[in-house]
Amino acid sequence: MRSKPILTVLHRLAILAYVVFALFPLFWLLKVSVTPNDLLYSEGVRMWPSRTTFEHYSFVIAHSAFPTFFKNSLIVAGSTAVTVTILASLAGYALSRFNFRAKYWIVALMLITQMFPLVMLVAPIFKMLSPLGLTNSLPGLVLVYTAFNVPFATFLMQSFFDGIPKDLEEAAMIDGATQFVAFRQIILPLTLPGIAATLGFVFTAAWSELLFALMLISGNDASTFPVGLLTFVSKFSVDFGQMMAAGVLALIPACLFFLLIQRYLVQGLTAGAVKG
Amino acid sequence: MASIDIQTVRKSFGAFPVLHGVDLTIQDGEFIVLVGPSGCGKSTLLRMIAGLEDVTSGDIQIDGKRVNDLAPKDRDIAMVFQSYALYPHMSVADNMSYSLRLRRSAKEKIASAVGGAAVKLGLEPLLERRPKALSGGQRQRVAMGRAIVRQPKAFLFDEPLSNLDARLREQMRAEIKKLHGDLRATSIYVTHDQIEAMTLADRIVAMHGGIVQQVGSPLELYDRPANLFVAGFIGSPGMNFFEGRYLVSGDHADMRLPSGTTLPIRKRDGLESGSAATLGIRPEHVILADTGALEAAVDLIEPTGFGIIMHVTVHGIPMKIFTQDRRMLTPGPAVRVDLPQNRLHLFNGEGKRVD
Amino acid sequence: MTLAAHSHAAKPLRKRIADASEPYLYSAPALILIIGVMLVPLVLGISYAFRDIQLLNPFSGGFIGLDHFRALGQDEAFFRALRNTLWWTGASVFLQFLFGLILALLLDKPFAGRGLVQALVFLPWAVPSFLAGLNWAWLFNPVIGPLPHWLYALGLLDAPNNILSDPQLAMWGPIAANVWWGIPFFAITLLAALQAIPRDLYEAASIDGAGPVQRFLSITLPFLAPTIAITILLRTVWISNFADLIVVMTNGGPADRTQIVASYIFTQAFKRLDFGYASAIALVLLVLLLVYSLLIVLLRQTLLNKG
Ligand SMILES: Nc1ncnc2c1ncn2[C@@H]1O[C@H](COP(=O)(O)OP(=O)(O)O)[C@@H](O)[C@H]1O
Ligand SMILES: [Mg+2]
């Protein structure tokens with residue numbers, strides 16, 4: 001199927017439009033973060049300020065609690081991603097490979113967890129966690145984020161497992177492996193793209209979460225960066241330059257992670273879909 | 001090496017019965033082929049022997065020991081899958097040694113076992129490759145290699161050649177036979193291809209609808225098929241059948257066809273005169289002769305090179321004839337044929353063979 | 001031959017238990033966590049809907065039966081929020097789906113630099129939602145953002161004003177941000193489904209003389225249909241619960257014009273600290289979404305049975 005040159009040009013133009021649309025808001029974020037305070041409003045609508053500065057960045061890094069927020073976020077998002085991926089691999093494998101009585105109840109339970117506003121859980125979770133000393137602590141946050149992300153991650157991992165032929169485990173079991181050894185040594189290595197995709201998906205979700213971080217944490221020591229970003233609003237009477245600088249810095253790990261895994265996300269989902 | 005004993009084994013998936021009581025005793029070192037149309041339960045039976053499916057009822061014994069409740073890994077059997085099921089992330093050598101590594105065999109022992117198998121199968125130059133970089137035939141060999149390094153009690157094969165092209169299939173068939181000659185390992189081989197069954201088996205188990213139809217040597221099944229199913233399934237082109245009535249007059253008998261024609265046949269003891277019966281004759285046993293008793297209208301000629309398959313109609317009944325007589329490439333509109341009595345098979349109303 | 005009694009002997013109890021428990025062992029950690037951190041709080045939260053729970057009122061906490069629901073029946077703001085939710089969800093899902101589908105189709109063709117383009121256009125998904133909200137609020141601000149000026153130049157606005165403070169147009173602000181943020185989700189899922197369509201189907205169709213439009217209608221769409229259905233269902237539910245962008249960009253204003261049920265719950269819970277009433281609203285929303293999902297699933301079943 002050769003396509004006409006005019007179609008090719010239209011195709012590339014459309015792609016370009018999408019890229020511009022996707023990147024322009026991010027570009028604006030960057031632009032504001034390098035605009036000196038005195039030009040912020042006077043050159044508010046210019047594409048690029050006449051002078052640029054890194055003072056917002058240096059302030060955020062040197063004089064704010066941002067490095068702490070950043071470290072906390074990294075710990076929380078990283079541990080959540082790893083824990084969720086382990087739990088979701090196990091549960092997704094059970095859903096993909098076993099027929100058992102409670103299967104449909106488990107699926108139903110996981111679907112229901114996707115159906116209500118999580119706001120509803122704030123007060124009950126706070127009430128349950130505070131006697132355990134898990135409020136105002138990073139482990140408490142990891143616990144909550146892990147639970148929130150496990151259902152979707154389980155479905156995701158299940159679709160990856162569904163794409164891997166059952167023959168492989170059976171061959172391994174005949175070769176002398178238990179089902180669990182076959183899962184670990186044969187199936188998991190083949191699901192690496194899926195694991196990468198799940199890790200990335202959960203990492204970005206945990207990295208961005210604001211509501212529970214806000215409600216369960218008070219004080220800078222255990223704040224994650226989204227909460228920290230909001231403190232810029234109150235503390236410095238909305239210093240947009242600094243806030244955007246912090247925002248750009250905070251975007252970096254999430255974006256890096258996402259750039260690395262998005263390929264696998266498509267691949268992995270395709271593999272799952274092939275089997276249908 | 002081991003014997004395998006299958007005793008009234010049944011299998012249902014939920015309420016859906018798939019195997020209706022299979023009995024089979026396999027001798028040590030024997031090559032058994034399970035053959036039958038697809039969906040008849042061959043794979044299910046094989047997978048139960050392997051431990052991949054639960055046994056609904058009945059017993060499976062390996063070497064006299066009941067294995068119903070043993071996990072596949074504890075049965076010491078090897079299996080070659082139709083898809084080969086090679087581990088994509090491991091090299092050929094690692095694929096072959098995986099079972100030994102799981103058993104924590106010594107390094108030297110693993111190396112010599114893998115080396116030995118590689119030599120036998122001509123895999124030495126491929127040992128470091130990933131399965132993705134192999135051709136279909138090479139993958140098939142690796143799958144075989146993975147099975148033989150372990151020297152298991154028995155080999156199970158589930159349609160191992162179905163994914164190969166015809167030429168390669170023929171070649172691998174011969175290799176499997178040679179390998180079995182060398183190793184003399186108890187083997188159970190599942191196929192829907194009756195040529196594979198005929199060429200490989202010490203004994204064939206013909207299955208249909210979850211029931212064993214006949215067990216015997218390939219020639220027994222060919223010469224004395226126990227029922228209509230086996231008669232039609234074994235042999236290619238398939239056996240010709242004529243339905244009609246079995247009539248005894250004195251010390252000889254006749255088959256009366258619906259058209260009214262009668263064919264003289266040998267008298268059988270186990271069948272009452274007047275009962276419905278089916279007469280069968282293989283296409284290669286039909287004799288073409290100008291003096292033949294029957295006239296056959298020629299419908300179609302299929303030359304295969306080796307011979308000719310003629311599609312004809314006898315008294316309104318379609319029939320096939322196999323001949324190597326090249327003159328038959330251009331026959332007239334009709335030929336005369338004979339159905340020699342000693343080549344005729346007779347089946348009663350239930351489809352069972354009557355001798 | 002062994003005795004029939006023996007051959008029918010049941011599996012040893014230990015093995016039966018081991019076999020039956022295996023899938024539960026795999027799923028137990030995830031299940032325990034979900035039950036402990038989501039289901040139990042959900043039940044507690046539902047119970048709040050029938051109690052008087054006000055954070056700053058030490059005398060609250062008593063059971064009040066259906067009082068919250070009666071109040072809800074009289075609550076104009078709630079019904080307005082319900083209508084706004086329909087509008088917000090419908091427009092967001094439709095636009096995300098439409099642009100996501102187009103993007104997936106564009107990316108399904110091989111071209112130089114596809115990997116990079118794919119990474120870039122999927123990037124918005126990695127942006128934290130509230131940061132996306134702040135950023136778009138900024139873009140819509142005529143003093144510091146270019147959008148009002150561009151819209152004015154295009155003749156779409158009478159004057160370069162902030163649409164977020166215009167009651168008629170405010171909802172389009174969060175919707176625009178949501179579409180920007182959500183296109184990648186649809187594009188990724190649809191692209192995966194597209195790449196799973198066997199290529200020879202298209203070749204066969206071309207040989208049969210089908211044009212691009214016919215190929216799209218007779219091959220692509222039917223193959224994508226199951227993915228489309230499930231993705232739209234999940235997204236609809238998710239977006240109706242998604243209040244971040246609205247809270248950050250407009251906080252429900254101006255004049256409650258952008259208040260959706262989810263943000264209304266947020267307001268009740270954290271501005272008025274009335275957790276009982278907030279839970280009652282959340283419960284109603286949950287029931288509505290469950291009914292919606294069931295309807296979709298039933299509809300799908302009927303269609304499948306017909307087809
Ligand atoms: N896991 C299963 N669940 C339900 N039915 C099955 C399962 N495996 C096989 N069957 C059914 O059992 C019958 C026999 O299958 P199989 O043993 O694979 O046949 P064969 O290998 O002879 O082609 C088929 O009708 C098939 O549909
Ligand atoms: Mg089979």
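This report walks through a predicted model, from the fold of chain A to the salt bridges and the surroundings of ligand 1.

**Chain A**

Let's begin with the overall build of chain A. Its secondary structure consists of 12 helices and 0 strands, so reading from the N terminus you meet the pattern α-α-α-α-α-α-α-α-α-α-α-α. The C-alpha trace of chain A spans about 70 × 70 × 35 Å along its principal axes. Of the 276 residues in chain A, 57% are buried.

**Salt bridges**

How many salt bridges does a search of the whole structure find over all chains? The search finds 20. Three of them are set out here, each with the distance between the closest N and O atoms.

| Acidic residue | Basic residue | Closest N and O atoms |
|---|---|---|
| A:Glu170 | B:Arg47 | 2.7 Å |
| B:Glu53 | B:Lys11 | 3.9 Å |
| B:Glu175 | B:Arg141 | 3.1 Å |

Take the A:Glu170 and B:Arg47 salt bridge to start with, at 2.7 Å. A:Glu170 belongs to helix α7 (residues 167-175) of chain A, while B:Arg47 belongs to helix α1 of chain B, so this pair joins two chains. Are these two partners buried or exposed? A:Glu170 has a relative accessible area of 7%, so it is buried. B:Arg47 is buried too, because its relative accessible area is 16%, and the cut-off for buried is under 20%.

The salt bridge between B:Glu53 and B:Lys11 has its closest N and O atoms 3.9 Å apart. This pair links distant parts of the chain, 42 residues apart: B:Glu53 sits in the loop between α1 and β4 (57-62) of chain B, and B:Lys11 in strand β1 (residues 4-13) of chain B. Both B:Glu53 and B:Lys11 are buried.

These two pairs are worth viewing together: A:Glu170, B:Lys11, B:Arg47 and B:Glu53 are linked in a network of salt bridges.

Next comes the salt bridge of B:Glu175 with B:Arg141, at 3.1 Å. This pair also links distant parts of the chain, with B:Glu175 in helix α5 (residues 166-183) of chain B and B:Arg141 in helix α4 (residues 136-148) of chain B, 34 residues apart. B:Arg141 has a relative accessible area of 15%, so it counts as buried.

**Around ligand 1**

Which residues surround ligand 1? They are B:Phe13, B:Val18, B:Ser38, B:Gly39, B:Cys40, B:Gly41, B:Lys42, B:Ser43 and B:Thr44. By class, this shell holds 3 nonpolar, 5 polar and 1 charged residues. Helix α1 (residues 42-50) of chain B gives the most to the shell, with 3 residues.

Polar atoms of the protein meet oxygen atoms of ligand 1 at several places. A polar backbone atom of B:Gly39 is 2.6 Å from a ligand oxygen, and a polar backbone atom of B:Lys42 is 3.0 Å from an oxygen of ligand 1. From B:Ser43 it is a polar side-chain atom that lies 2.5 Å from a ligand oxygen. On its own, ligand 1 has 560 Å² of accessible area, and the protein covers 59% of that.

**Cysteines**

The structure holds 0 disulfides over all chains. Among the cysteines, B:Cys40 is one of the residues around ligand 1, and its relative accessible area of 3% makes it buried. A:Cys255, in chain A, is buried as well, with a relative accessible area of 12%.

How values were computed. Residues are numbered from 1 along each chain as its sequence is written. Chains are lettered from A and ligands numbered from 1 in the order in which they are written. This is a predicted model: local features need pLDDT of at least 70, side-chain atom pairs count only at pLDDT 80 or more; totals for chains, interfaces and linings use all residues. Side-chain values use heavy atoms; hydrogens and water are left out. A residue is near a molecule or strand if one of its heavy atoms lies within 4 Å of it. A polar contact is a pair of N or O atoms within 3.5 Å; within protein, one must be able to donate a hydrogen and the other to accept it, and residues adjacent in sequence count only if both atoms are side-chain atoms. Accessible areas come from the Shrake-Rupley method with a 1.4 Å probe; for residues, only the protein chains shown count as cover. Helices (H or I, at least four residues) and strands (E, at least two) are DSSP runs, numbered from the N terminus. Ala, Val, Leu, Ile, Met, Phe, Trp, Tyr, Cys and Pro count as nonpolar, Asp, Glu, Lys and Arg as charged, and the others, Gly among them, as polar. A disulfide is a pair of cysteine sulfur atoms within 2.5 Å. Buried means under 20% relative accessible area, exposed over 50%, partly exposed in between (1.4 Å probe, protein chains only). A salt bridge is a side-chain nitrogen of Lys or Arg within 4 Å of a carboxyl oxygen of Asp or Glu.
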